[in-house]
Each structure stands twice: as C-alpha cells, then as structure tokens.
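Please look at how charged side chains and aromatic rings meet in the model below. The report takes the charged pairs before the rings.

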Amino acid sequence: MKTPSRHKFVSALDVAASVAARLLPSALTPRIDQARRDARMVLDGLRGVHEPPVMTRGLGSRASRPLEEIDPVAELLPGMLCERYGALKRDVAMLGATVLGRHPPPLVARRSRPGPLSSVAPAPVPGLHSRTLRVERVVRETTDAVTLVLGDPSGAPITFQPGQFFTVLVTVNGQSLRRAYSASCAPGGEGPSRVALTVKRVPGGCVSNFLNDRAERGMRVEVLGPSGAFTPEPSSGAPRHLVLLAGGSGITPLMSIARTVLASEPATRVSLVYGNRREVDIIFREALATLARERPGRFVLRHVLSEPPPGWEGGVGLLEPRRVEEELAALPIHVEEPATYFLCGPEPMMQGARAALLARGVPAERIREERFTRPHLRPSTPSAPESAGHQPLTVHLRGAVRELTVPAGTTVLEAALSAGLPMPYSCAMGGCGACRVTLRSGEVRMEEPNCLTVDEHERGQVLACVARPVTPVTVEVP
C-alpha cells in the first residue's frame with residue numbers, strides 16, 4: 001500500500017516533470033516522461049513495493065497518467081480548490097469555443113477504416129477516454145431485450161461505422177463493470193449526437209439485467225468506443241449482395257449494417273437469415289418486417305425458429321450446417337453479384353454457418369465473423385508463474401520502437417499504457433478485440449475464453465489486455 005510520503009514524492013515528480021516538459025523543447029518530452037516513470041520504479045524498488053497498474057477508468061492509475069494530462073496547478077491545489085479549478089478550466093474552454101463558433105469535439109474520434117476485408121480493428125486516437133452519455137429513450141424490444149438511445153448532452157457528434165460496438169461502463173452494487181454492446185442503428189439514424197445500443201438479458205448477467213431492469217430516461221452512462229472491424233467495406237457503387245446470418249442477440253450489429261446499406265447504397269441487396277428459439281424472442285421483429293415491406297427485392301428476410309408456434313410458416317430448427325444450407329439455397333444469390341457473408345450469434349451457430357459456407361465453396365475471405373464472448377465469467381486469473389518474473393517488452397507502434405519492462409503478472413496493455421504509449425483498447429477483458437496486436441517474437445499467456453478466432457491465433461495475433469509475457473516479447477501495434 002502506498003504511504004503518504006510516497007504520494008507526496010510521486011506528486012512532486014509529476015509536477016516537476018510537467019513543468020520541465022512545458023519549458024524545454026518538445027523533443028525532450030518523451031525522455032522527461034521516461035525519467036519520471038523510472039524514478040517511481042526506483043522508489044518502489046527501494047521500498048520493496050510492487051504495484052502493478054490498476055485497471056480502472058482509462059486503465060491508468062494516478063501515478064501512470066500520461067505526462068500531457070498532468071496540470072501542475074491542479075497537483076498543488078487542495079481537493080476542493082482543485083475541483084473548482086477544473087470546473088473553471090472547462091467553463092473557460094467552453095466559452096472560448098462558443099465565442100469562436102466552434103463546437104466541442106467528440107471525446108472519441110474515428111480513424112480511417114482498414115483495407116477491404118481486414119480483420120484488424122480501427123485504431124482509436126491516442127489516449128482513448130470514456131465519454132458520458134444520457135439515456136434519451138428506452139425501447140422495449142422483447143421481454144429480454146432493450147434498446148437504449150444514448151445522446152451526448154453537449155451535442156457533440158457520435159461517429160461510428162455500421163457493425164461497430166461501444167463499451168459501456170456502469171457501477172452495479174458498488175462494482176465498476178464493463179460490457180461491449182453493438183450499435184443497432186445506422187450512423188446518424190437517431191441523430192448526429194445519438195446512438196442506439198441494444199442489450200439482451202443474459203442469465204446471471206449483472207450489467208445486462210441492470211440495464212434491462214433499471215435503465216430509464218435521463219440516466220447517465222459512460223462509454224468507450226466505437227471499436228471493432230465487423231463492418232462492410234466501402235461500396236464502389238457496383239451491385240453487391242450482403243448475406244447476414246444471425247442468431248439471437250447477434251442481430252444487433254447486423255441490424256446496423258442492414259439499415260445503413262439499404263438506405264445509402266441503391267445497388268446493394270441484403271439477405272438476412274435470423275434464428276431464434278421462439279417467436280417472442282425475435283428482436284426488431286416489427287422493424288425487420290418494415291424493412292422487408294419498404295425494400296421489396298432489395299431486402300430478403302427469413303426467420304428460423306427452434307420452437308415454432310402452430311401454423312408457423314418460416315424455417316424450423318437450429319442454424320446448424322444442414323439448416324443453414326437449406327436457407328442459403330432459398331436465397332436469391334446471383335453469380336454476377338459478389339456476396340459477402342456476415343455471421344454473428346452463439347458459437348455453435350457460428351461454427352455451423354461457417355462450415356456450411358465453406359462446403360458451398362465460399363472463399364474464407366468473404367466470410368466475416370463477430371463473436372460475442374463473456375470473458376467476465378471466466379475463472380479468476382491465476383498468478384503468473386514465478387519463473388516468468390519481469391520480462392522485456394518491445395513495442396513497435398507507428399514507426400517507433402519502445403523498450404519496456406513488464407512486471408510479473410502484468411499485461412502488455414497495462415505495461416504499455418503505464419509507459420505512456422497510445423495503445424488502442426476498449427473493454428479491457430478480452431471480449432472485443434480492440435487491443436489486438438501481432439506477436440512478433442516471444443511467448444505470452446492469454447486468458448480464455450477470449451474473442452480471437454482460430455485464424456487470428458494462427459496469424460500470431462494476441463489481445464494486449466489479457467496477454468501476460470512469460471518470455472521476452474516483441475509486439476507490433478497495427
């Protein structure tokens with residue numbers, strides 16, 4: 001545990017480093033920051049204290065904040081005055097933006113999309129932070145699914161690509177929890193400063209049950225994102241066909257994709273095969289029927305139920321390979337229109353759909369998959385083996401190379417963020433893939449289950465947020 005004397009020493013280090021960075025040439029800032037962090041490590045070593053980075057909001061402890069975020073004045077003020085000073089700074093910044101006719105920028109910006117059919121998530125801007133959104137509307141989709149329309153109170157735009165997700169941060173029974181939920185609306189479909197996230201209740205799920213039962217208009221939630229690369233490549237304007245295969249809550253990102261391309265790409269056709277247990281479990285049932293009615297010939301909808309009611313005229317059974325093959329055979333798939341397949345749902349359904357597509361001769365590069373994992377249900381992370389100890393870590397990031405040391409039991413993401421590197425991440429639980437990096441050499445241990453596919457494993461990709469080095473490691477950040 002930190003002592004008051006260490007708090008004072010760390011604060012003095014932060015103030016001195018921040019002042020030096022402001023007075024000296026900017027080229028010296030990285031060296032000043034590294035000296036600050038090295039001094040803390042020496043202090044802890046002399047005191048026999050090992051304190052790995054704490055996974056909190058922003059994944060940074062007070063002592064591991066990026067140098068540019070440290071305000072020397074705020075560090076020297078007592079608590080109450082510090083809060084007033086921070087509020088004054090925000091008010092002055094807002095006033096200045098208003099006078100100059102500028103709007104506050106979004107806290108999360110979107111970078112350019114990856115190349116066609118890339119499985120690499122778009123990298124967020126450096127210093128990814130949460131933003132506070134307000135629940136503007138609550139839509140009850142089914143008895144076990146709810147859509148929350150979230151808005152930015154400042155009016156700042158919420159930008160994302162169809163198929164991407166946001167990580168929601170909520171406190172339930174005093175515990176801070178993170179869960180990833182896909183946007184179900186088209187970008188801008190609810191307004192430029194709004195996004196709709198759909199949450200299906202999970203048995204025993206703290207966050208999904210909390211949001212289904214307690215979310216109401218006016219409630220404030222923090223979100224990270226957008227994240228994810230489960231998005232269609234930009235349209236060239238030529239005719240194309242998107243075939244969507246969904247199971248249960250897997251409809252959420254696919255709904256965003258369908259709404260977007262049907263509204264913005266006149267030459268694109270969309271076919272959706274959607275599997276559920278019962279008719280009452282169909283999320284967006286009326287909205288899907290409306291799309292089919294309003295886009296005849298461009299949107300084909302096929303429902304499949306494992307427990308159909310009497311008189312049901314849709315498909316019957318589970319979306320296993322045989323059933324998927326029958327549904328695909330019924331779709332208007334034309335040779336002259338290249339089809340791309342998007343799969344999202346329970347793992348058995350995903351495996352069955354992929355097997356059926358490969359058996360039909362569909363190239364693997366035309367199959368896109370989004371896995372909904374539940375990493376928060378995995379067993380507690382075991383302690384790192386004693387033999388691993390501190391390990392060297394080399395990070396290749398945007399043309400630069402940084403040499404770090406990772407304490408035993410610490411993840412690649414924790415160590416890199418503590419060193420001030422602008423690492424991409426979102427859920428920090430191995431469930432979203434936003435922190436995906438390539439392991440160029442060495443060995444890491446990752447917690448299972450996580451969202452990496454078999455192909456990604458084979459390509460040497462690892463999740464920085466759950467990867468703990470057990471040998472010297474070199475990673476490359478996309």
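The structure holds 19 salt bridges, a salt bridge being a side-chain nitrogen of Lys or Arg within 4 Å of a carboxyl oxygen of Asp or Glu. This is a predicted model, in which local features need pLDDT of at least 70 and side-chain atom pairs count only at pLDDT 80 or more, while totals for chains, interfaces and linings use all residues. Residues are numbered from 1 along each chain as its sequence is written, and side-chain values use heavy atoms, with hydrogens and water left out.

Three of the salt bridges are set out here.

| Acid | Arginine | N to O distance |
|---|---|---|
| glutamate 265 | arginine 240 | 2.9 Å |
| glutamate 325 | arginine 360 | 3.0 Å |
| glutamate 456 | arginine 436 | 3.5 Å |

Glutamate 265 counts as buried at 11% relative accessibility, where buried means under 20% relative accessible area, exposed over 50% and partly exposed in between (1.4 Å probe, protein chains only). Arginine 240 is likewise buried, at 11%. By contrast, glutamate 325 is partly exposed at 31%, and arginine 360 is partly exposed at 35%. Arginine 436 is buried at 10%, as is glutamate 456 at 5%.

Turning to the rings, there are 2 aromatic pairs, counted when the ring centres of Phe, Tyr or Trp (its six-membered ring) lie within 6.5 Å, with planes under 30 degrees apart called stacked, over 60 edge-to-face and the rest tilted. Phenylalanine 160 and phenylalanine 166 have centres 5.8 Å apart and planes at 75°, so this pair is edge-to-face. Both of these residues, phenylalanine 160 and phenylalanine 166, are buried.
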